[in-house]
Amino acid sequence: MQRLRVRYAKRGRLRFTSHRDISRAVERAVRRAGIPVAFSAGFSPHPKISYAGAAPTGVASEAEYLEIGVTKPCEPGRIRADLDGSLPPGLDVLDVVEATVGGLADRLEASEWDVRLPGADWELAETAVAKFLAAEAVEVERLTKKGPRRFDAREAVLRLEVPEGADRTAAQVPGQSCVILRMVVRHVIPAVRPDDVLTGLRLVADFAPPVPPEVTRLAQGPLDASTGALADPLGLDRDTTRGGEAVSAGEQVDG
Amino acid sequence: MTVESIFPRLEALLPKVQKPIQYVGGELNSTVKDWDSTDVRWALMYPDAYEVGLPNQGVAILYEILNELPATLAERTYAVWPDLEALMRAEGIPQFTVDAHRPVRAFDVLGLSFSTELGYTNMLTALDLAGIPLLAVERGDDDPIVLAGGHAAFNPEPIADFLDAAVLGDGEQIAIAISEVIREWKGEGSPGGRDELLMRLAESGGVYVPKFYDVDYHPDGRITRVAPNRPDVPWRVHKHTVMDLDEWPYPKKPLVPLAETVHERFSVEIFRGCTRGCRFCQAGMITRPVRERSITTIGAMVENGIKESGFNEVGLLSLSSADHSEIGEVAKGLADRYEGTNTSLSLPSTRVDAFNIDLANEFSRNGRRSGLTFAPEGGSERMRRVINKMVTEEDLIRTVTTAYSQGWRQVKLYFMCGLPTETDEDVLGIADLAKKVIKAGREITGSRDIRCTVSIGGFVPKPHTPFQWASQADHETVDRRLKALRDSLRGDKNYGRAIGFRYHDGKPSIVEGLLSRGDRRVGAVIRAVWEDGGRFDGWSEHFSYERWMAAAEKAGVDVDWYTVREREENEVLPWDHLDAGLDREWLWQDWQEAVSGTEVEDCRWTPCYDCGVCPTMGTEIQIGPTGKKLLPLTVV
């Protein structure tokens, strides 16, 4: 059975889709596009589509990944066009490659995030970031389905900065200035998410943005331990097959 | 004048609410038309949560038909949950449509589809959030016409003060006709304002405008008469009936939501109307006569619907789907076409007979045989004669044992409690029946691994049915009978564990009864409940019986008078001026026959029993067979 690895984006108002919403949308799109998806055997067969590390509801992403098993060989470029055409605008297929060796989930070691804070104070943000980075550990609490859970939000953060010169606008408050945070966070258990880092910034420096943040995952993939940079998780597959149209991780693609 | 989208303001609130995706729109096959290039604009509301409202066929069909008219625009709006409602109030964001996020008050019509009376408080929330005055008489020329349809609109009297207009029956043609009246009136420069538009609609006899009718009461509270208060307003308003459903093959472009909804499937209505004559069933009475879609149209609609939606389940809807004259061919044809494609077919609302097992086997050819549902409705033979549900105990046992013997392991039996003339013994009869079902099932399969679930609904007498005069059972009686039934089932060592039991307490049925057979005086109760925070009354976690009773007391409304009181033949009922086509004398006679336990046949197969619909409405029964078959699809 051929397996296809798909990178897709979750953009604009579609960022409010949950993981379950996306899986229903993908299953229907696969049917409409006539992709020969494989089904599991057994009492109630399910299409063989698996998802790796989905971004939370409300978080946009340029780098989500899924894998589809198909019953007959498919050309990745064709699948990219067909699947993208069948998904609603805002769920956009960016890249499709044929899977070769290894698991995809194992390659997703860390994520790069862009966090926009409309109406927040730039200097306070810089101070908070410096304090956070200087700390050994920053214990935060998050409400999970099993009740409140405490964990360290500092160690997993490999990079955190307030970049200069970036486009300082947020979709939801046009015209208002906004602070941007960029961060690279290692995937650990329990997961440290951008909002946990924001909780940390509030704890260390009383930095509290006035409105909910706009969060976008820019990339996820294997981590280069020496530079802290993320590589394309589909790179390995692309190296050994004819591949799809390459889009490097971290590069934004216009929808 | 272009109307701005409120989305940028809404978007900032969405991270703070549950399931935000339900408010963003963008469903596959949804339509956003240019505001300025249209002249008649409808906001269509299903007054419940998005997850319930989106799959509603009525709204989906009207949305599509209205948007097909070049100069008409239709968008959808749903009830927002209390978390978003609070934020919208704090931020001053009005009720909006999900298509282009336009404020509802900017539209010409706010059309509400009421499948159930329990959506009334949600309508008030929407009006209030929209900035539209709650009372029709307080609305001005800038407010939309608030128009109700759906089954509950066959007695819109409890919400009459909040409505500008109501429409009875099938909506396809009348929605287009109303659009034309509005277009003409606006084209003339909106002469005479809102009242002239309402007059033009009322004069046609096809649109009910409550404020053009006065209701007088006797000192004892009964209605003296309902009479038009202006010349040219007709005394009675008639329902609408679409003939030839093949001419109306909607939905053609099924809405596919991103959010999870209650029905994740593509539905085709295979016929409209039902003449089985079950006396409790309002739907069966008000949708007469039977009009079938042909097997070829059904096949084409299913093929198109799957292609357009990507759904993996198809539902063949109607009030009694196995009664379609060619259902066997439809089932076989569809099962053949979709064999091996992981497309499942479902047939809700089937009757109790062995033929259904064949159908169910056909539909489950590629899938699992899990459960079958049958609805004997009454626990004893006597009870079933009263409600005209002609199923003998022998039929039921034979049907269910056939199902068990063919590999079905779970059977669900649906009954009602609180039916007219019902005794404790009738309800306890449900336990006897369930035990006999398990006993027969064990014998035929030689296995103890079979189950049946007994599910009970509370009976509510409905307008335009033979039971419209009946006394509704009080909730104490219903609860006592259900407890006795539960004890009888649970206490049985041999069968108790094989029988599941599902029921609700009797209180919500009393509120539904008040709203179903209420008159204009009940409107004050609805308003008081809403002002006290009543929302989403169809949801048990939001419903409060105490709140309704307190509001009724405050409004001086005697709930018992509306619910448990039996009506006399000559009492003027609040909906008598609304014509569903049913002859009042026929209904009364059928009520008398119910009490004496006399059954009536289905007019599809035996001579007409003169319910009055066809001659009054100029309609006729439209059924097959056509003799056609579904051919294999070249590409599936």
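1. In chain A, pLDDT (the predictor's confidence in each residue, from 0 to 100) stays under 50 over residues 243-255. The model has 33 contacts beyond four places in sequence for this stretch, two residues being in contact if their C-beta atoms, placed from the backbone, lie within 7 Å. Where pLDDT is low, the predicted coordinates should not be read in detail. Over chain A the mean pLDDT is 89, and 89% of the residues reach 70 or more.

2. This is a predicted model, in which local features need pLDDT of at least 70 and side-chain atom pairs count only at pLDDT 80 or more, while totals for chains, interfaces and linings use all residues. Residues are numbered from 1 along each chain as its sequence is written, and chains are lettered from A and ligands numbered from 1 in the order in which they are written.

3. The domain assignment of chain A gives domain 1 (2-106 + 233-240) and domain 2 (109-230); such bounds come from an automatic or database domain assignment. The C-alpha centres of domain 1 and domain 2 of chain A lie 27 Å apart. Their contact takes nine residues from domain 1 of chain A and 10 residues from domain 2 of chain A. On the domain 1 side there are six nonpolar, two polar and one charged residues. In this classification Ala, Val, Leu, Ile, Met, Phe, Trp, Tyr, Cys and Pro count as nonpolar, Asp, Glu, Lys and Arg as charged, and the others, Gly among them, as polar.

4. G228(A) is placed in the loop between β11 (223-224) and β12 (229-230) of chain A. Helices (H or I, at least four residues) and strands (E, at least two) are DSSP runs, numbered from the N terminus. G228(A) is partly exposed because 13 other C-beta atoms lie within 10 Å; 20 or more would make a residue buried, 12 or fewer exposed, and partly exposed is in between, with C-beta atoms placed from the backbone. Leaving aside neighbours within four places in sequence, G228(A) is in contact with L158(A), R159(A) and V184(A). From G228(A) to A110(A) the C-alpha distance is 9.6 Å, although they are 118 residues apart in sequence.

5. Chain B contains 21 helices and 18 strands, and 51% of its 636 residues count as buried. The radius of gyration of chain B, 25 Å, agrees with the value near 26 Å for a compact globule of 636 residues; it is taken over C-alpha atoms, and the globule rule is 2.2 Å times the number of residues to the power 0.38. The C-alpha trace of chain B spans about 75 × 70 × 55 Å along its principal axes.

6. Chain B is divided into domain 1 (7-234), domain 2 (265-368 + 601-636) and domain 3 (369-513 + 558-580). The C-alpha centres of domain 1 and domain 3 of chain B are separated by 36 Å, and 14 residues of domain 1 are in contact with 12 residues of domain 3. Strand β7 (residues 223-228) of chain B gives the most to the domain 1 side, with four residues.

7. Helix α14 (residues 424-445) of chain B has 22 residues and reaches 32 Å from its first C-alpha to its last. Among the buried residues of α14(B) are V427(B), I430(B), L433(B) and V437(B). Their cover includes α13 (393-405), β15 (410-417) and β16 (451-458) of chain B. G446(B), which follows α14(B), has a positive phi, near 65°.

Technical notes
The expected span of a helix is 1.5 Å times one less than its number of residues.
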